[in-house]
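Let's walk through a protein model together, one question at a time. Have a look at it first.

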Amino acid sequence: MSNPVLGIIGGGQLGSMLAVAAKKLNIKTVVFSDDIDSPAEKFSDEFIFGEYSNKDKINELVNKVDVITYEFENIPFETLNEINENKPVLPKPSINRIIQHRLAEKDFINRLKIRTTQYISIENKSELNAAQQLIPGLLKTTTLGYDGKGQHLINNIDDINNLKIDLTKGYILEKLVKLKKEISVIITRFSDQKYEIYEPIENQHEDQILKYSVIPAHISDKILKQSKKWAIQLAEELKYVGTLCVEFFIDRNDNLYVNEVAPRVHNSGHLTINAYNVSQFENHVRAVCELEQVPTHKISNAKMLNILGSQIAVYRKLQFNKNEFFYDYLKLKIKEKRKMGHLTTLVE
Ligand code: ADP
Ligand code: MG
């Protein structure tokens, strides 16, 4: 049988890296994006530009591919469901529906007896005023947040009074964790109890945006085992197919919490391209296209730096050593804090 053609919804850097991984496996890709300047256009075989609600464009995609995946979680559930009626969407749309909503996501995780931060749903100011036990806390939009967007720090009553947002749109208040560290675990699940899991990655954020990722993470053996166990449990419970990332907090008393789950390849896993024999992107393509599962192992320790905004101009002029791998996302517009590229350095 010939290789399937893979549709990718979303045209950012994650879509680009998926397309590159697919090409290596001889899989053709069609990227569908609502951004005419999608970087992934340059790395894919075909590109469809259109709104995610445009039925003609959805049909065009469906007719051109055999299986469809996505590089970001905020695609309307209706769109994914409609596509899924004709061609398989992986991970399943029902998974995306849970995870793209912070409340549904946290309820789901807690039902599995996996620890998250304490949280409540907020729809008006009086609910917020009554939630003293969760303050200081972070007020987050229940949907569409990324890179810290849509988040408000609430330290006291003044912060509540000064809020200029429409709470009826749906928010969640999370107790602020006194962070010692953040880690993530990336897992690619193929089928029941069949998965490849990467070791925990230590992540450092600046202004709620990922700045550095490093392996190995400097964590206790107990946290290492617990984080992997929870990632496996989450993937199995969701009957997930493809690559999934679990973001964790570790507090100052060494308690582990799941922060959130990303139903997709993840920024912290960029270092897997150079540090492992099979990257998170290649494993994702292998899983959703039902290719052979290859035992995945680390080749080298590594650290990754995210290059944001105008910093990219500096890196474009640099020369790199043999152990350094620079990725330019080839985005047309430089914006402050926008992820423009990354640099992975293999280390001892
Ligand atoms: P996003 O969807 O924007 O990635 P996150 O919930 O992961 O949203 O928040 C981004 C970052 O903000 C986290 O990685 C962490 O550094 C910080 N943060 C978020 N929630 C909390 C919390 N409850 N306590 C402490 N830090 C938090
Ligand atoms: Mg996050």
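Below, a student asks and an analyst answers.

User: Before we start, what kind of model is this?

Analyst: Residues are numbered from 1 along each chain as its sequence is written, chains are lettered from A and ligands numbered from 1 in the order written, and side-chain values use heavy atoms, leaving out hydrogens and water. Local features need pLDDT of at least 70, side-chain atom pairs count only at pLDDT 80 or more, totals for chains, interfaces and linings use all residues, and the model is predicted.

User: Which helix or strand gives the most to the largest nonpolar core?

Analyst: A nonpolar core is a set of buried Ala, Val, Leu, Ile, Met, Phe, Trp, Tyr and Cys residues joined through side-chain atoms within 4.5 Å. This one has 27 residues. Several elements supply at least two each, including strand E13 (242-251) and helix H8 (221-237). With six residues, the top giver is H8.

User: Is serine 279 buried or exposed?

Analyst: Serine 279 sits in the loop between helix H9 (272-275) and helix H10 (280-288). Buried means under 20% relative accessible area, exposed over 50%, partly exposed in between (1.4 Å probe, protein chains only). Serine 279 has 8% relative accessibility, so it counts as buried.

User: How much of ligand 1 does the protein bury?

Analyst: A polar side-chain atom of glutamate 182 lies 2.5 Å from a ligand 1 oxygen, and one of glutamine 151 lies 3.0 Å from an oxygen there. Taken alone, ligand 1 exposes 540 Å² (Shrake-Rupley method, 1.4 Å probe). Of that, the protein buries 92%.

Terms used. Helix = DSSP H or I, 4+ residues; strand = E, 2+ residues; numbered from the N terminus. Polar contact = N/O pair within 3.5 Å; in protein donor to acceptor, adjacent residues only side chain to side chain.
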